[in-house]
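The exercises below are meant to be worked through with the structure on screen. Please try each task before reading its solution.

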Amino acid sequence: MAFFIFSANIGGLSIISLDEAKNASCAREMMERGDYIVPTFNYELRTDKPPMHYYFMIIAYKIFGVNEFSARFFSSIFGAFTVLITFLFGKKVFNEKIGFLSAIILISSMHTAIQFHLAVPDPYLIFFITSALFSFYLFYAEKKDIWLYIFYISIGLGILTKGLVAFVLPSTIIFLFLVYKKELKFIKDLKLFQGFVIISAISLPWYIAVWIKTDGVWIKEFLFKHNIERYSTTFEGHGGNFLLPVLFVLIGILPFSIFSIQSIFHLFKDKKDSLIYLFIAVALWIIFFSFSGTKLPNYTTPIYPALSIIIGNYLSNFEKNRFNTASIIFYILLTIILTFALFYFISQDKTLSYLSYNAFYFIILTIGAIIGLYFYLKDRFLYSFASLSLSSVLMIFLFFYYIFPKFDKESSVLYILPYIEKDKPVFYYKRFNPAFSFYLKKKIEEIKDFNNLKDINILTREEYLQEILEKGITVKKIIKKKDLFENHVSVLLVL
């Protein structure tokens, strides 16, 4: 069911997200060049992310061809595996009911479904972080070496996915948990030297190879620009309030995040080691990114499985009280506000305003919540839980198969591509939408000097159009289209 949800229409939606376009194109270029060490976008060095997700995309490209389905296929697979290990961990450490509820909470989250639909590294990181956190606790509880080795393997693969964050945060979570338990001596049982060897054997060869092949440039840019600078400053305008990561999590794991506060109070009442451990993981992850200068919704997604288990534990012994009643009523009001807010924001976009009516499909969430409240007041908690979950899952399918495809047709790239004259080379001036690279499957050369240029296609942005025309360039035609969900307007000039 998780794979069915997370792969909904992954081949029927175009690559429009800037991050998706760059990642999917990078994997294609690595495969095309036969170079599995150095990542490139538009055949120039790309230092944003390590290569793990590129490798899986390449496997899919070789099986299914270079297309949207292939770029996203393994993201959906890793999403399904994340739900699976969440269920298995919940069943093993708690009981089958808690495991099942935790899995359903994950499946019901639209943000989780969106994350596992994307051709980006986050779906892989979520899985490896979840695997690492769960396997460590199982080793702590059972003292079986197999869990320790799975922990170290997961850390190594996580480092190959998104860098040292996959080592630093899980290690800190474990340290704080052992401090809480007053069991720092347990560290000696972690076989740290063996762990270092396993992690190094998995992750170091590629980092050494990319250092050699790029003369250290990739490592330096990745470390200083995409880690230190991203954390210490607001990168690409993605800043925000200190509490924004908390909001990301609460919205991201709706509908069942409405029971988060009760779940945490219940956790401290129980004081089970497993719940405290998961809470430390959730709290540290949120606090860490609260201090980050750059804040994005995907940064906090790796702790969704842990929070799902915390909430699932609470819901497994659900009782009627005024706090739960208030939570469901709050969710009803929230979904109504969300529906009208979406309608308003879509209406403000001149390109998309005619599609604003689609916002009212989100009323399905409101209907599910009202039905859920009805069953809750009748003491039929299972039906209440099912109503919240099924309405959300229905909304996810409706979103990916019916609603978003309408918006997808307004993609600037899909609109402009047919106007690109195939017999003429394609250049760009200053900036261009990265999705063009994915669909054209060739290098788009940068224009630095307009002298002697003729019979070419030029991709750029509207903000640079007047600058180009003032150079006295003779233009055959100009095609413009606003980038979907962006403030930029893509422009095609045919000379």
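Two strands pair if DSSP finds at least two bridges between them, where strands (E, at least two residues) and helices (H or I, at least four residues) are DSSP runs numbered from the N terminus. This is a predicted model, in which local features need pLDDT of at least 70 and side-chain atom pairs count only at pLDDT 80 or more, while totals for chains, interfaces and linings use all residues. Residues are numbered from 1 along each chain as its sequence is written, and side-chain values use heavy atoms, with hydrogens and water left out.

**Exercise 1.** Find how strand β3 is joined to β4, and place both in their sheet.

*Solution.* Begin with β3 (residues 426-428), which is joined to β4 by two bridges, the two strands running parallel. Within this pair, Phe-427 stands opposite Glu-445 of β4. Next, widen the view to the open sheet of five strands, whose order is β4-β3-β5-β7-β6 and whose pairing is mixed. Its edge strands, each pairing on one side only, are β4 (445-446) and β6 (477-482).

**Exercise 2.** Check whether the length of helix α2 agrees or disagrees with the expected span.

*Solution.* The expected span of a helix is 1.5 Å times one less than its number of residues. Helix α2 (residues 18-33) has 16 residues and should therefore span 22 Å, which agrees with its end C-alpha atoms being 22 Å apart. Then look at what follows α2, namely Gly-34, whose phi is positive, near 70°.

**Exercise 3.** Classify the ring pair of Phe-78 and Tyr-124, and then that of Phe-242 and Phe-291.

*Solution.* Rings of Phe, Tyr and Trp (its six-membered ring) pair if their centres lie within 6.5 Å, and planes under 30 degrees apart count as stacked, over 60 as edge-to-face and the rest as tilted. There are 61 aromatic pairs in the structure. For Phe-78 and Tyr-124, the centres are 4.8 Å apart and the planes meet at 55°, a tilted pair. Because Phe-78 belongs to helix α4 and Tyr-124 to helix α7, this pair ties together parts that are 46 residues apart in sequence. For burial, the limits of relative accessible area are under 20% for buried, over 50% for exposed, and partly exposed in between (1.4 Å probe, protein chains only). Phe-78, at 7%, is buried, and Tyr-124, at 0%, is buried too. The rings of Phe-242 and Phe-291 have centres 5.0 Å apart and planes at 80°, so they are edge-to-face. Here Phe-242 is partly exposed at 41%, whereas Phe-291 is exposed at 56%.
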